[in-house]
Amino acid sequence: MDIQTRLFERIKIKDNIKFLFPALIVLISFFSSFTAIAQDDEAVQAGKKLFNANCAACHKLNKRAVGPALRGVSVKYDREWLYTWIKNSTAMVKSGDAQAVAIYEEYNGSVMTSFPQLSNEDIDNIIAYTDYIPPAPVASATVPGAAPGQSGSSGVNNNIILGALALVFFILIVMLFLVQKTLLRIAVASGVDIKPETKPKRTPIWLAFVQNQLLVMVSVVLLLLSSAYFVYGYFMQVGVDQGYMPVQPIHYSHKIHAGANQIECKYCHSSARVSKHSGIPSLNVCMNCHRNIAEYNGEEDLENGYTKDFYTKEIKKLYAAVGWDETNQRYTGETQPVKWVRIHNLPDFVYFNHAQHVEVGEIACETCHGPVEEMEIMYQYSPLTMGWCINCHRETNVKVESNEYYAKIHEALSKKYGVEKLTVAQMGGLECGKCHY
Amino acid sequence: MASNKTYWKNIAQLDPSDEAVKKLEQNEFVSKLPEDFLSDEKTLEESSTSRRDFLKYVGFSTAAATIAACEGPVIKSVPYVVQPEQIRPGIANYYATTIADGFDFGSVLIKTREGRPIKVESNPDAPTLGIANARMHASVLSLYDTLRLQGPTANGQDVSWDDFYLQAGAMLKALAATDKEIILLTPTLPSPTTQKIIADFIAAYPNVRPVVYDTISSDAALNAYETYYGQRALADYDFSKAKAIVSVDADFLGDWQGGGYAKGYALSKTPHRDHGKAEMSQHFQFESNMSLTGANADHRIPCTPADQKNILAYIHDRLIGGSAGQLSADLKVFADKAISALKSSGSQGVLVTGLDDDAAQAVVLAVNTYLSSAAFQPEQPKLIRQGNAKEVQEAFQAIEAGSVSGLISVGVNPVFSFANGNALAEAISKLEFSLSFTSKIDETAAASQFVAATPHYLESWGDYEFKSGHYALAQPTIRPLFDTQQFQDVLLRLAGKNSKFYDEIKAHWNESILGSSSWSKALHDGYYSIESSVENSIPDFSALDVSQLRTATSSGMSLVLYSKTGMGDGQQANNPWLQEFPDPITRVSWDNYLTVSMSDANALGLQNINTADGALNGSYAAVTVGTQTLKVPVIVQPGQAKGTVGLSFGFGERMGLKDEMQTGVNAYTFYQNFNRVQNVDVKLANGEHEFACVQLHNTLMGRGDIVKETTLEVFNTKDKAYWNPMPQVSKDHIEFDVTSPEVDMWQEFDRSIGHHFNLSIDLNSCTGCGACVVACHAENNVPVVGKREVRKSRDMHWLRIDRYYSSASTFEGDNETKENISGIGDSLNTFGEMEQAAANPQVAFQPVMCQHCNHAPCETVCPVAASSHGRQGQNHMAYNRCVGTRYCANNCPYKVRRFNWFLYNKNDEFDYHMNNDLGRMVLNPDVVVRSRGVMEKCSLCIQMTQKTILDAKLKGEEIKDGTFQTACSNACTTGAMVFGDLNDKESKVAALHEDDRMYHLLEHVGTKPNVMYQVKVRNTDEV
């Protein structure tokens, strides 16, 4: 992609649109030839698709998960046996097949889902995928390797250009200095007398300022007012923790979960739908996915030290807390509840209900919590002050559509205020007792 | 222009030689400040801290505090590792369970938040005893009692349960081998499975003899029922089917025969116009002490216990036949009235008695059978009292004599609650084997070798049969907080069984009770009933001998023992909610006392004094029954029968209680032979007792705008304007209703849209039971302030139940007396007399909380607008905004605002539930805990109404009537409190708002409250 955009820009700069399309075409064909070389086997492709759809929930290629690792499974078992097993494993265990019973017992009697819908051909494809060993990463490494190299060199280029420019400026300054020196010398030589101009003596500015009483008054008043403004500002931010970004016991990245993986907020914070608390998800919710995701394979942020290794270590912390024995794929029962640092703290005397806002009002989580999907470390986005609440209540319309509860009230109130849409404030959302009890 | 006038404040200032004036010109005070103002001078001089140092310290600590305050605290949140499916943080779960502590029995719902039980509510669906009284509401706090036993002990040492089983089991086996008798002393356990387990246990250890011990016995009633119906049980009553109720010393709105009758009673006591004319029941009460039941009666006749027996015999003789005995003239009038009421009501009449006398109880059975009373239901008897006084006494005698070798006491504390407790304690400590199942180290546990820590009922399994065919299930609502085991589990293991109590219950229910019904459903509901159509044969009462009742006489004073609404038998004495709960009649909290009639008090020199600050003091009396003497503080009780004194059970315990809870005297000392009536000698003793009383004993003086009441006759024959007039104000010489917009100075809110909450309180069906007071405490995190603070009128009850006396036969009578006063001399006398509550006053109860005025006087005076009005009718109080000027409390005509004089939570100066981690678990997380210097008051449970609204929004549906509730209306089982949306024209509360009986408190002030009252109607005329 890097090359592509760079090329694109360069072409654009040249403003030669005729070159653009052929260049792109060349580029695309260049890449596609690459992929064609890498994935020559259609069966492997089909197998991969099927594997991800049907098997990946319990199996990994190289590692034991809920079920055994599948790399090289065709070597271990007879092809026909595999057909029968995949289509109906339970029957096979019941029939007392030695191999089947052995594997059944090895995995503590967990039953493998039957896949009668898979044809023998499908199974062949899956096996082809599990047997496929991708070519040594030397060839493919050239492409990803090329991009950083290129970008690195362009950085050097910039530096050189900047350095050259600095040099030129320096030379210019030196030259100017030399010219002035020469001119002065010429002037001295030609007998011209150059004297610095002498100004008539004036009262110094500070004295003039002190003598002007009005000005002193005005500036004192201004000074007082502005300092009062800053003092007020200082005091008003006491207890406002906007931007509070504490270090958490487990480095949980909302950027990866909500951003890269597009997990819906309310999947984990499910009680926000029904309760006043959004709830910090219990660890069993994490394990819904992390039972199978034991290591991090996404993008890295090397600048901040967020390597794959770093993230994988954080997943291990989760396993330690929930008591998950990775090698044996079972819970040990030894748990260490995670002590998260609470970020959003409302005072005790404020009643806030998530369900009212999220479910009834259909307010997006981001309205108050900000761009969570971009937050590597979670922080408090909104000030959570009363003024902030009130403003929103004044501006936000109540979602009354298809809610039987509002039907009568809304009709009467909108008639009273003569408006189509009612704000929360008009519904009584500014009354003290609605939030303070 | 300046004037030359001399201003003076004091005549003395005019005299230039006055020393004091001269001195005052120099000094602020004539004399020096008292020395103890800053300890004494000497220490001040010797102190090394100079003024400079002091300022340095202050400066430093202020700066340090300021810097520290800028740094926000780091708050940790710890989610579940594996979240239980049914728990969602922030959402309450309700579980149906059963309370059965041997005294209180009821089906209840437990509200839990994040796994913590925080509130007890009635189970409205349960057909039997689905009503929670004040003690049951408070029982959730007893779960979080810091003095609960945390594990088993043997010989005073903490042991593990394994060691406990090893040691106790060995002792049991040794005793069984030598066939030495062991007594298994239990309270009434109407539990089918427990009885089975006990039977199995006895099969394993045949030397064990079970004895059932009710601390407050219903022995006489049980004996009478057993004699005529062949089963040890109690006849049930349904007062909703009664038109004439005659009660001879039966406090059936209190704890008589297990209680639970208030609901039916209130139904019949509210005037209903089914057939044109309004009808309601008529209630005669013959009693000695002023009981809750007597206070609600239409005719209350104070009389001695001997008189009561005579009256019972008289009623029996006049109705069924026999030579009627003698009655004094004034009693005869009322006895005849009662008899004619019974006669004219036919099968709608009912007679009850609480006398501890077999014959008296038999008379009741005979009379009700004779009347074929519809309210009398002997077919399905109640099983919640089983105690056998004779057996208990024999057992205790055997223990004292040493003819028994062991005692296993289960949830009872006989050393405290048996009349001869001290001797019993000594005997128990000498026994070979003694084991006490208890949840605290009480007097009996202290005397026992082995103490088995039992869980609270909210941590326990259980099954009960309240009434034959009516079953209830108990389930744990929280994991045991401490290392405790249920008594049934311990018995099972000692008997060598492997199963747990839960398995036994389930098996037994599936086998013998449920039939084809589902166990899960029964557990979910908390109850299960089998409709039986057993027709009892009518017993033959011809052999009943009432001669002993006819001739009963008394000599000297009689002591009548009773149980209080708040404390009951005293099991929950360590519960600060119940200690602070003011008694409905005397309005005294944190105490028990001797109630004495005015004439007896005068004769004995006993008195009550109101001190200048409004607190109440009382003399002490030396009370002697037999050889036992106690020094008891005295309350002069209007309506106490002359020649009788009353004293309540439940107080005076000293072990297993925090220091502050060790209040009152132990009335069980006087409870000889399980008879509530004892001959007594009362003398004046030294000293003066300080009470914590929240309302003095003055009468209402006909202030009819506070408590309005009328008689059924007036109610039926006269116009509303006569008995419930609207106050008038005059504008331009024209009279207007005070509620008319014409005379309104205020701008009216438009409340026609959305909800408009109103609470209706029916003075007819309010029995003053106080369940709402405790429910309000639990729901709203109301703090407990302690006896010292209550005495200073700093009680924090958001909801109080005022008790008003009237000296005349009705409150209107007061008005007439007042109006007929002529001349100043007469007025002084008459007012003085009227202020003295009479020998037999009328009583009215009136629950008062914030009236949520639409024109609220508190709102206009708040300088910071902390008190404001909501469109839904609630008067809001923003605690975080309040600066504590207390202007609002000054300006409130109803005096319902409460000020936090101290920080009542996390404060070492107080030792109640809010001051320890365990006790704070009961707090409702939806309501803020208020801090010092903040005004608070009833919010009309806005957290509950808001929750209801949110639920409706989430479901997207309109709110049906009855869904809106407050803690008090929810706790009110008699239906006196009805809460709802006035804008919902179909709602009950909207109908009540239009009712003729509706009035507002102090209507003439023009506050337009959102709490309304219904005029009390008394059925004092002939039926």
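Helix α8 of chain B is a good place to start: six of its eight residues are buried, so the helix is largely enclosed by the rest of the structure. The buried ones are A262(B), K263(B), Y265(B), A266(B), S268(B) and K269(B). Keep in mind that we're looking at a predicted model throughout.

## Stepping back to chain B

Chain B has 33 helices and 44 strands. Its C-alpha atoms fill a box of roughly 110 × 75 × 70 Å along the principal axes. With 1023 residues, a compact globule would have a radius of gyration near 31 Å, and chain B agrees with that at 31 Å. Of those 1023 residues, 52% count as buried. Look at the contacts in chain B with a separation of 6 or more, and 73% of them turn out to join residues 24 or more positions apart.

The chain is split by the domain assignment into five pieces, two of which are made of two segments, as the residue ranges show:

| Domain of chain B | Residues |
|---|---|
| Domain 1 | 1-71 |
| Domain 2 | 153-217 + 387-528 |
| Domain 3 | 219-382 |
| Domain 4 | 556-650 + 675-693 |
| Domain 5 | 709-1018 |

## Where domain 3 meets domain 5

The centres of domain 3 and domain 5 of chain B, taken over C-alpha atoms, are 34 Å apart. Their contact draws 16 residues from domain 3 of chain B and 17 residues from domain 5 of chain B. On the domain 3 side, at least two residues each come from α8 (262-269), β12 (277-279), α9 (292-296) and β14 (299-302) of chain B. Which element gives the most to that side? That's our opening helix, α8(B), with four residues. By type, the domain 3 side that touches domain 5 of chain B breaks down into nine nonpolar, two polar and five charged residues.

## A four-stranded sheet

Chain B also holds an open sheet of four strands, in the order β41-β34-β43-β42, with mixed pairing. At its edges stand β41 (977-981) and β42 (998-999) of chain B; each has a single partner strand, so one side of each is left without a neighbour in the sheet.

Now for the pairings themselves. β34(B) runs antiparallel to β41(B), and the two pair over five bridges. In that pair, F757(B) has D981(B) as its bridge partner in β41(B). With β43 (residues 1011-1014) of chain B, strand β34 (residues 757-762) of chain B pairs in the parallel sense over four bridges. There, L759(B) stands opposite V1011(B) in β43(B).

Is the edge strand β41(B) mostly covered or mostly open? It's mostly covered, with five of its five residues buried. M977(B), F979(B) and D981(B) point one way from β41(B), while V978(B) and G980(B) point the other way, and all are buried.

## The nonpolar core

The largest nonpolar core has 284 residues, and the members that touch the most others are L185(B), V363(B), I399(B), V634(B) and C772(B). Helix α12 (residues 358-371) of chain B gives the most to this core, with nine residues.

What does C772(B) contact, leaving aside its neighbours within four places in sequence? The list is L799(B), P847(B), C968(B), A971(B), C972(B) and M977(B). You've already met M977(B), one of the buried residues of β41(B).

## Chain A against chain B

The contact between the two chains takes 46 residues from chain A and 39 residues from chain B. On the chain A side, α14 (283-290), β3 (340-341), α16 (354-360), α19 (406-417) and α21 (432-435) each supply at least two residues. The residues of that side divide into 21 nonpolar, 16 polar and nine charged.

There's strand pairing across the chains, too: β3(A) and strand β1 (residues 76-77) of chain B pair in the antiparallel sense over two bridges. V341(A) has K76(B) as its bridge partner in β1(B).

## One loop residue in chain A

Last stop is E373(A), which sits in the loop between α17 (365-369) and α18 (386-395) of chain A. E373(A) is partly exposed, with 17 other C-beta atoms within 10 Å. Not counting residues up to four places away in sequence, E373(A) touches H254(A), K255(A), A258(A) and G259(A). As for S270(A), 103 residues away along the chain, its C-alpha atom is separated from that of E373(A) by 17 Å.

Definitions and conventions:
Residues numbered from 1 in each chain as written. Chains lettered and ligands numbered in written order. Predicted model: local features only at pLDDT ≥ 70, side-chain atom pairs only at ≥ 80, totals over all residues. Contact = placed C-beta atoms within 7 Å. Nonpolar A, V, L, I, M, F, W, Y, C, P; charged D, E, K, R; others polar. Pairing = 2+ DSSP bridges. Domains from an automatic or database assignment. Core = buried A, V, L, I, M, F, W, Y, C linked by C-beta atoms within 7 Å. Buried ≥ 20, exposed ≤ 12 C-beta atoms within 10 Å, placed from the backbone. Rg over C-alpha atoms; globule rule 2.2 N^0.38 Å.
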